[in-house]
Amino acid sequence: MEGIIPCQEGSAEIVFFDIETTVPNRTGQRFCVLEFGAIVVCPRNLVELESYSTLIKPKDLSVVALRSGRSDGITRDAVANAPGFEEVADKIFNLLNGRVWGGHNIQRFDCVRIREAFADIGRPPPVPVGIIDSLGVLTEKFGKRAGNMKMASLATYFGLGQQKHRSLDDVRMNLEVLKHCATVLFLESSLPSILNGSWHSPSTITTRSRSSAGKLTCKEETSRKSPTYQRTVPYTRESLGKMTERVKNLLCKAQGSQPINNLLKHSHSVLR
């Protein structure tokens, strides 16, 4: 990609990825991968270095719905002429192997499907050097401000548009959600006594469980959906623009007469 400074040698690149699958409708039926999408990101500046997406034709086309309930959904006709997984396995392996994996709910779903797909063609799966599951990270650090931890809810909360449930669109949305959450958390940490009390939900945040060895594990699940929370959000949702303006006003009050531009320059230098 033109104009991009590559990561320094030795720093592990992050690959955010997402897969779209069939949904089993009877006992014993498996998930079939219909689409894979990924972006490679430099962890030093969060710049997208590479992207890849492909539809994937399952061995049995009859498991794919003739029509999709989503406007941008994947239909049987869409994958009829797509390559099989064995035809794109090399590319997927090279993208994933030896990198940090990132994604939303990937530990319990996507990484399991990747292992299954490689096992089906008799090949060892790619191995990550680390995993960043934004579902676990944001549940612990950001909380249930959007009502639940679904990517669609988080994207709506920040005014990022509607989730399309297509792999490449979803991984880019995932990264943008993480950026917005990190910005809010940074601002809150700058004035914790003023911002934290008014924005945080008072409820206890549940974190992802770990094994006895302290390692995060990939676990099977029967649904692609993130956990749903019944608690009502105790404050009004705001657009990102209104929230930014509110933060500026609070910063001005907290810092007295110091010009807001100086404060923002100071915040920028801290971020760098």
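At what angle do helix 4 and helix 6 pack, and how far apart are their axes? Keep that in mind while you get your bearings; what you have open is a predicted model.

**Stop 1: the whole chain**

Start with everything shown as cartoon. You should find 9 helices and 5 strands in the chain. Walk along from the N terminus and the elements go β-β-β-α-α-β-α-β-α-α-α-α-α-α, so to speak your route map for the rest of the tour.

Now switch on the surface. The accessible surface of the chain is about 15,200 Å², and carbon and sulfur atoms account for 50% of that. Of the 272 residues, 39% count as buried. If you like contact maps, here's one more number: take the contacts between residues at least 6 apart in sequence, and 68% of them join residues at least 24 apart.

**Stop 2: helix 4 against helix 6**

Select residues 134–141 for helix 4 and residues 167–190 for helix 6. Back to the opening question: the two pack at an angle of about 20°, with their axes 12 Å apart. Angles under 35 degrees count as roughly parallel, and that makes helix 4 roughly parallel to helix 6. Their crossing is left-handed.

Next, show side chains. From helix 4, pick S134, L138 and K141; they meet N174, V177, L178, C181 and L185 of helix 6. Colour this contact by class and you get 5 nonpolar residues, 2 polar and 1 charged.

**Stop 3: D170**

Stay on helix 6 and click on D170. Is D170 buried or exposed? Its relative accessibility is 6%, so D170 counts as buried. Who is around it? Setting aside neighbours within four places in sequence, D170 is in contact with D18, E20, Q163, K164 and H165. Show those five as sticks to see the surroundings of D170.

**Stop 4: helix 2 against helix 3**

Finally, select residues 85–96 (helix 2) and residues 106–120 (helix 3). These two pack at about 130°, their axes 11 Å apart, which makes helix 2 oblique to helix 3. The crossing here is left-handed.

Which residues of helix 2 meet helix 3? Select F85, A89, I92, F93 and L96, then add their partners I114, A117 and F118 in helix 3. Keep the class colouring on: this contact has 8 nonpolar residues, with no polar and no charged ones. Flip back to helix 4 and helix 6 to set that beside the 5 nonpolar, 2 polar and 1 charged residues there.

How values were computed
Residues numbered from 1 in each chain as written. Predicted model: local features only at pLDDT ≥ 70, side-chain atom pairs only at ≥ 80, totals over all residues. Heavy atoms only, no water. Axes fitted to C-alpha atoms, helices over the stretch in contact; angles between N-to-C directions. Helix = DSSP H or I, 4+ residues; strand = E, 2+ residues; numbered from the N terminus. Parallel < 35°, antiparallel > 145°, perpendicular 65-115°, else oblique. Left-handed = near helix turned anticlockwise from the far one by under 90°. Contact = heavy atoms within 4.5 Å. Nonpolar A, V, L, I, M, F, W, Y, C, P; charged D, E, K, R; others polar. Buried < 20%, exposed > 50% of the residue type's maximum accessible area, 1.4 Å probe, protein only. Areas by Shrake-Rupley, 256 points an atom, 1.4 Å probe, with all protein chains shown as cover.
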